[in-house]
Amino acid sequence: MTLYSLLHPTKLGEFYARLRGPADGGDAWFIQDTWPEGPMATLDVDVEIPAPRFSKVAPDFLQTTSRVILLSPRFVENLEDSFLSDAQLIPARLHLEGAVVDFYAVRILTTRRLVIPEASDFFEIRGIRILRKAVYDQSQYDFAIAHDVEFRDHWAVTDRIVDLVKDRRLNVEVMPAF
């Protein structure tokens, strides 16, 4: 078995996507898990993609600049309980150039020691150690999606999600996490 990363379709090209509201683009909420009190309303996400290109490509997966995962309603409709026990879905409105589209933001609830620090590559800026290239522990598979307990902006999915993407022909690109 292998751990995987999900990517938006290459045909979509380069784009900028950012949550409206939080100054950190949602990093504290989704990555560091300092969740605000009370229920989460629909999130607004600015996505720098022209509506015609978005409609033509019809992606089922996007990620904001701060690594918040966004899934299409089609992707969500096909999810199994194993994914839903590892993540919370929050309604999101994508504000494209010329249209608004409904999606879901993913708050990953499951944490595992995915990154092997001793085997990974780091660099340092002003005394802060930054992970440049992660090496993943490929022996953990008791989840559908999880983020690393220490390097929380690094996440991976297992074969269960990759099989779902392939079986349902979701417009998502997949690559081994390395």
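**Group meeting: a helix, three strands and some salt bridges**

Okay, let me start at the end of a helix: right after α5 comes Arg 169, and its phi is positive, near 55°. Keep in mind as I go that this is a predicted model.

Staying with α5, that's residues 159-167. Which of its residues are buried? Asp 159, Ile 161, Val 162, Leu 164 and Val 165 are. That spacing is worth a second, because an α-helix has 3.6 residues a turn, so residues three or four places apart point the same way. And what covers the buried residues of α5? The cover includes three strands, β1 (4-7), β12 (155-157) and β13 (173-176), along with helices α3 (73-77) and α4 (81-86).

Now over to the strands. Take β6, residues 87-97: on one hand it pairs with β3, residues 43-50, in the parallel sense, over 5 bridges. If you want a spot to click on, Leu 43 sits opposite Ala 92 of β6. On the other hand, β6 also pairs with β7, residues 99-108, and here the sense is antiparallel, with 10 bridges. There you can look at His 95, which stands opposite Val 100 in β7. β6 and β7 make a hairpin with just 1 residue between them, and Gly 98 in the turn has a positive phi of about 105°.

Next, salt bridges. How many are there? The count comes to 6, and I'll walk you through some of them.

Back on β3, Asp 44 forms a salt bridge with Arg 93, and the closest N and O atoms are 2.9 Å apart. That one runs from strand β3 to strand β6, linking parts of the chain 49 residues apart. Buried or exposed, what about Asp 44? At 19% relative accessibility, Asp 44 counts as buried, because the cut-off is under 20%. Its partner Arg 93, at 32%, is partly exposed.

Also on β3, Asp 46 forms a salt bridge with Arg 20, with the closest N and O atoms 2.8 Å apart. Here Arg 20 is in the loop between β2 (17-19) and α1 (27-31), 26 residues away from Asp 46. Both are partly exposed: Asp 46 at 29%, Arg 20 at 41%.

Last one: Asp 142 with Arg 112, closest N and O atoms 3.0 Å apart. Asp 142 lies in the loop between β10 (128-133) and β11 (145-148) while Arg 112 is in strand β8, so the pair ties together parts 30 residues apart in sequence. Asp 142 is exposed at 51%, and Arg 112 is partly exposed at 23%.

That's my tour, thanks.

Conventions:
Residues are numbered from 1 along each chain as its sequence is written. This is a predicted model: local features need pLDDT of at least 70, side-chain atom pairs count only at pLDDT 80 or more; totals for chains, interfaces and linings use all residues. Side-chain values use heavy atoms; hydrogens and water are left out. Buried means under 20% relative accessible area, exposed over 50%, partly exposed in between (1.4 Å probe, protein chains only). Helices (H or I, at least four residues) and strands (E, at least two) are DSSP runs, numbered from the N terminus. Contact means heavy atoms within 4.5 Å. Two strands pair if DSSP finds at least two bridges between them. A salt bridge is a side-chain nitrogen of Lys or Arg within 4 Å of a carboxyl oxygen of Asp or Glu.
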